[in-house]
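Visitor: I should like a close look at a single part of this model. Please choose one element and describe how its residues are placed.

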Amino acid sequence: MNGIDLDINILKKNLAFIREEITRVTVIKEQLETGPGARSDDAIKIIKTYGEVLSNLRALLRYEYDAESEW
């Protein structure tokens, strides 16, 4: 198992939101990476945090796919 313990029905109700957030966070992260000041300590920490958020959101999508495959 992947370590996510979430009611699949709750996840299904929020798939559109999760996908929208992946798009939104990706855009912001890319702007930070390419914008002026992208090498500042604060920007590096924020970029890392956005990367972690994206990783967790993508894990939810994989969990949904895995749960569907099990049925």
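Guide: What follows is an account of helix 2, with its setting in the chain.

The model is predicted. The mean pLDDT of the protein chain is 84, with 87% of its residues at 70 or more. Confidence is highest in helix 2, at a mean of 92, and lowest in helix 3, at 85. The secondary structure consists of three helices and zero strands, in the order α-α-α along the sequence.

Helix 2 comprises 20 residues and spans 29 Å from its first C-alpha to its last, close to the 28 Å expected at 1.5 Å a residue. Its buried residues are Leu15, Ile18, Glu21, Ile22, Val25, Thr26 and Lys29. These residues lie on the same side of helix 2, because they cover an arc of only 135 degrees around the axis. The face turned away from that buried side carries the exposed residues Glu20, Thr23, Gln31 and Thr34.

The buried side also leads to the interior of the chain. The largest nonpolar core has ten residues, among them Leu15, Ile18, Ile22 and Val25, together with others such as Leu54, Leu57 and Leu61. Helix 1 (8-13), helix 2 (15-34) and helix 3 (41-70) each give two or more residues to this core. Valine 25 offers a specific example: leaving aside residues up to four places away in sequence, Val25 touches Tyr50, Val53 and Leu54.

For the chain as a whole, 27% of the 71 residues count as buried. Of the contacts with a separation of 6 or more, 70% join residues 24 or more positions apart.

Note on methods: Residues numbered from 1 in each chain as written. Predicted model: local features only at pLDDT ≥ 70, side-chain atom pairs only at ≥ 80, totals over all residues. Heavy atoms only, no water. Core = buried A, V, L, I, M, F, W, Y, C linked by side-chain atoms within 4.5 Å. Buried < 20%, exposed > 50% of the residue type's maximum accessible area, 1.4 Å probe, protein only. Helix = DSSP H or I, 4+ residues; strand = E, 2+ residues; numbered from the N terminus. Contact = heavy atoms within 4.5 Å. pLDDT = per-residue confidence, 0-100. Expected span 1.5 Å × (residues − 1). Arc of directions from axis to C-beta.
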